[in-house]
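Subject: A structure for you to explore

Hi there,

Here is the structure I promised to send over. Have a look at it first, and then read on for what I found in it.

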Amino acid sequence: MKAGEVPLLEVSGLSISFETDNGLLHAVNKASLRVESGEIIGIIGQSGSGKTTLMMGLLGLLRGKPGVREGKAFFQGKPLLSQGSSLMAELRGRDIAVIFQEPRAALDPFFRIGEHMREALLRGGSSGSEAEIRNKGLELLRDVGLVDTEQLWDVFPHQISGGMAQRVMIAMALSAKPKLLVADEPSTALDVTTQAKLLELFKRLRDKHGLSIILISHDIGVIQETCSRVYVMHRGDIVEQGETAEVLHHSKHPYTQSLIQAFAYFASGERKALVGAATPETLVEAKGLRKRFGLAGKSFEALDEVSLFLRAGETYAVVGESGSGKSTLALSMMALQGVDGGEVLYRGENWLKSGKSRIRELRRAIRMLFQHPEAVLNAGMTVEATLREALEREDVRSPAEVQERISKVLEQVHLDPVHAKRYPSNLSSGEKQRVTIARALITRPKVLVCDEPVASLDLAIQAQILELLREFQEKMGLTYLFISHNLALVKLLAHRIGVMYMGRLIEEAPAEDFTVERARHPYTRLLLASVPSLDDEKLRGICAEFPDVEPVRLQTGCPFRNRCPLYLRNHHAECETVLPPLRDIKKGKVACHLADA
Amino acid sequence: MSLLVFLRKPGGWRMLTGGAIVVFLVLTAVSGNFWTRFKSDEMDFEHQLVPPSSNWLMHLTTTEAGRKLLLQGNGSAGGSSVTADEDILGALDDGTKAQVPDASLLTAHGHVLGTDKNGRDMTALLVAGARNCFLPGLVACAVALGVGVWLGLLAGYYDGRWRLFAQVFNGTLLSMPRMVLILVVICALEPNVYLTMAVLGVTLIPRVSELIATRVRALSKMGFILAAKEGGLGDFRILTRHLFWYQNRAVFFVQFSLIMAESILVETTLSYLQFGTRPPEVSWGNIIEGSRLTFFSGQYWITFFPAAAIVLAILGFFYLGDGLNARLAHREGR
């Protein structure tokens with residue numbers, strides 16, 4: 001900053017509190033921050049740390065009862081908080097733009113994309129004929145990296161993907177040529193490959209338009225990749241601030257250190273999987289699983305001939321983007337959803353075809369962990385009631401024995417016995433996930449199917465939960481089918497990894513072969529390169545090889561070919577006509593015509 | 001302190017007021033036999049159409065002996081305010097009926113709220129009427145909730161056939177006007193208040209089942225139902241425990257209160273029209289009906305007290321239900 005220049009946004013001593021049933025809740029406590037023109041700053045912290053409240057309070061967008069707001073804020077030297085609501089609204093639409101976490105929830109489903117753009121442009125002060133507005137809108141859409149904008153103009157929000165919707169949101173935000181963009185967890189709901197593209201876009205917008213961006217995120221990787229300066233929030237306080245590299249490498253506050261430690265747990269690439277734990281015995285085997293979903297006359301294969309096997313005591317991970325069919329695979333393997341073909345064998349017995357009582361019997365041996373712990377616990381049941389219910393089909397009758405099993409399992413998942421009497425609403429999300437793990441473990445299972453068990457948790461808690469799962473594998477020889485969108489995470493835990501794309505398993509290999517260099521399928525390489533990490537120059541180069549297009553379900557040939565640099569280089573005829581089979585290669589399997597064995 | 005917190009939350013005052021009224025009325029109905037001085041079928045032909053006594057506190061004492069005790073207490077205290085009433089009662093005890101002055105006769109009969117044209121005690125009638133209101137109301141609730149909740153659970157949980165069945169069943173019932181349906185059943189079968197209330201309950205099934213089904217349909221898609229299945233729970237347990245008891249019991253209590261209020265209204269209406277409780281059985285409705293001819297000749301109390309009781313009971317149940325509903329909405333973040 002040059003001497004005497006006024007910063008774009010300056011906040012000093014901002015406090016926000018809410019009135020609740022239990023008195024005042026201090027959500028933000030004397031926060032001060034500063035944003036210069038043309039810089040991206042990050043606000044990082046766990047969920048509930050007040051980072052969203054800080055920005056929403058600043059912009060006057062807080063919902064519900066107006067809380068207590070104190071402090072000063074200046075936008076280009078003009079006082080912000082003292083202005084009337086109409087002045088604030090004017091600033092908000094024009095000079096300050098906001099984009100939210102769930103892009104599709106922020107778009108009105110009854111308006112076409114074009115109508116959204118038109119409204120945003122008119123709101124932003126653009127004028128001119130209908131055609132001029134349209135041209136401006138199309139240019140903005142192209143500006144944020146969207147293709148086929150003419151078609152996009154007449155489409156409804158539900159017809160586009162989350163990544164596209166987020167770009168439309170950004171285009172709308174840019175329509176008034178704002179000086180500051182507030183992005184609240186913009187990439188959290190998106191796939192890794194889409195996230196990588198979005199972060200690129202942010203940097204391009206900064207360089208091209210001189211836009212300042214406040215990026216709110218819980219993900220250190222995202223912050224590290226894009227932000228020049230970072231503020232760390234913890235329980236409403238800004239505990240540390242400074243240059244990103246300085247804060248992340250020489251953090252002084254213990255909270256920042258714990259965050260970085262948790263991040264390092266994943267970023268180090270140090271394998272956490274048990275070595276030599278797996279036995280040759282095949283415990284669970286899926287053979288040719290098929291599942292069709294019909295959607296408004298059109299139907300597609302959510303699962304297309306998926307076969308895999310789990311050895312006793314091993315962790316098999318399935319990765320893929322949203323819509324790849326990995327959750328369908330989990331539900332099908334749990335017999336919680338009918339399949340259109342194929343079988344799931346547990347110790348050689350096809351349990352999809354077993355009788356009702358036998359299935360219930362087997363459900364004690366094969367348990368499942370779900371993604372959202374708050375959704376899978378009945379809000380009206382205490383932890384104890386939940387665990388007691390899980391014991392109903394066990395042969396424990398005496399109350400003393402039930403009590404003993406419950407307290408033992410609580411101890412195993414490191415939960416205090418006082419939690420037994422609590423309702424889910426009084427537990428943190430990490431504690432809730434521990435309860436669901438306890439509910440699964442109490443029946444002494446052999447196999448645990450984990451469907452994104454940590455995706456909705458904070459990083460530090462993710463590490464704790466994964467450590468817990470690892471501990472159980474060590475002590476009880478549990479077998480895991482681990483489903484995740486996060487390749488970096490499964491690389492640490494799994495023995496073998498399968499990659500899914502559009503309902504098909506396209507690559508399977510031992511975890512140590514999952515590197516950008518050794519992966520065989522181009523899609524796997526794209527996934528690996530998209531993970532935000534430290535030395536990303538090389539990875540960014542790999543990402544750049546891939547065209548920036550949306551995944552579509554191609555009817556014939558290789559489903560990935562529209563995104564595949566190998567195909568796009570010489571348009572191999574086989575890729576267009578023949579669906580590549582999953583063939584054996586040296587240390588795994590791959591479904592690609594062009595990958596060398 | 002905790003009462004204060006309770007009242008501050010939405011619906012707190014309504015729940016407290018409604019609850020207090022309901023508890024008071026139910027206790028009255030249940031315990032009435034033990035403390036009313038007269039039986040509801042007891043006719044005091046010497047005191048027909050007497051107005052409510054102003055000296056009501058005196059007459060609340062239950063027995064003759066107790067009344068004496070009170071009098072002696074007053075007498076020994078030597079209070080200066082010795083009323084004519086006490087003199088009379090004292091005189092009565094002495095068996096010197098002849099000395100009783102005419103003016104005091106009105107207050108000496110013990111009919112606190114007066115009597116009707118047959119000399120029946122209003123207090124006893126009201127208490128008996130309360131019983132004849134609540135019991136039929138419970139029948140209506142049992143039918144409406146017993147069938148409605150199950151139909152709602154099944155229609156919400158299993159889409160397909162159960163949903164179709166519920167649609168046809170509810171649609172058929174909703175297409176018939178309620179009062180007409182009830183009157184037709186009364187005409188076709190023998191008039192019986194419990195049967196009538198059962199029919200009322202049937203007409204309320206659509207409302208209950210639609211309400212429950214809508215909620216269950218949304219809940220069925222939630223993770224905890226999937227998790228319960230994953231845990232090996234059967235459909236019966238999922239329906240009764242997860243979907244009903246832990247998620248919908250508050251709705252059940254809200255509907256219970258509202259249906260009680262409605263059934264009291266319907267019962268008194270029918271009894272007034274002489275289709276419901278028939279004399280000599282007593283209902284608030286037929287007390288009012290019996291006062292038709294006397295109301296305009298100045299005997300207001302025969303109409304007023306049962307009408308007040310009806311209003312109070314309906315208000316009480318509605319307040320309770322409404323408060324519960326507001327609290328439920330608050331808890332679910334609506």
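How close do the axes of helix α7 (residues 122–157) of chain B and helix α10 (residues 193–220) of chain B come, and at what angle do they cross? They come within 5 Å and cross at roughly 30°. Before going further, please note that this is a predicted model, in which local features need pLDDT of at least 70 and side-chain atom pairs count only at pLDDT 80 or more, while totals for chains, interfaces and linings use all residues. Residues are numbered from 1 along each chain as its sequence is written, and chains are lettered from A and ligands numbered from 1 in the order in which they are written.

**Helix pairs**

Two packed helices are described by the angle between their axes and the distance between the axes. Axes are lines fitted to C-alpha atoms, for helices over the stretch in contact, and angles run from 0 to 180 degrees between N-to-C directions. Helices (H or I, at least four residues) and strands (E, at least two) are DSSP runs, numbered from the N terminus.

Because angles under 35 degrees count as roughly parallel (over 145 is roughly antiparallel, 65 to 115 roughly perpendicular and the rest oblique), α7(B) and α10(B) are roughly parallel to each other. Their crossing is right-handed (the near helix is turned clockwise from the far one by less than a right angle; anticlockwise would be left-handed). Their contact has 27 nonpolar, eight polar and two charged residues. Here Ala, Val, Leu, Ile, Met, Phe, Trp, Tyr, Cys and Pro count as nonpolar, Asp, Glu, Lys and Arg as charged, and the others, Gly among them, as polar.

Chain A has a helix pair to look at too: α17 (residues 429–441) and α18 (residues 459–476) pack at about 15°, with their axes 10 Å apart. α17(A) and α18(A) are therefore roughly parallel to each other, and their crossing is right-handed. On the α17(A) side, G430(A), Q433(A), I437(A) and L441(A) meet residues of α18(A) that include I465(A) and F472(A); contact requires C-beta atoms, placed from the backbone, to lie within 7 Å. The residues of this contact divide into six nonpolar, three polar and no charged.

**Sheets in chain A**

Six strands make an open, mixed sheet in the order β6-β7-β8-β3-β9-β10. Two strands pair if DSSP finds at least two bridges between them. At the edges are β6 (96–99) and β10 (237–243), each pairing on one side only, and the twist averages 15° from one strand to the next. β9 (residues 229–234) and β10(A) are antiparallel over six bridges, with V230(A) opposite G242(A).

Another open, mixed sheet has eight strands, ordered β16-β17-β18-β13-β19-β20-β22-β21. Its edge strands are β16 (366–369) and β21 (583–585). Within it, β13 (residues 315–319) and β18 (residues 479–484) run parallel, joined by five bridges; T315(A) has Y480(A) as its bridge partner.

**Where the chains meet**

Which element of chain B gives the most to the side that touches chain A? That is α11(B), with six residues. Altogether, 12 residues of chain B are in contact with 18 residues of chain A. The chain B side divides into five nonpolar, five polar and two charged residues.

Enjoy exploring!

Best wishes

Methods. Two residues are in contact if their C-beta atoms, placed from the backbone, lie within 7 Å.
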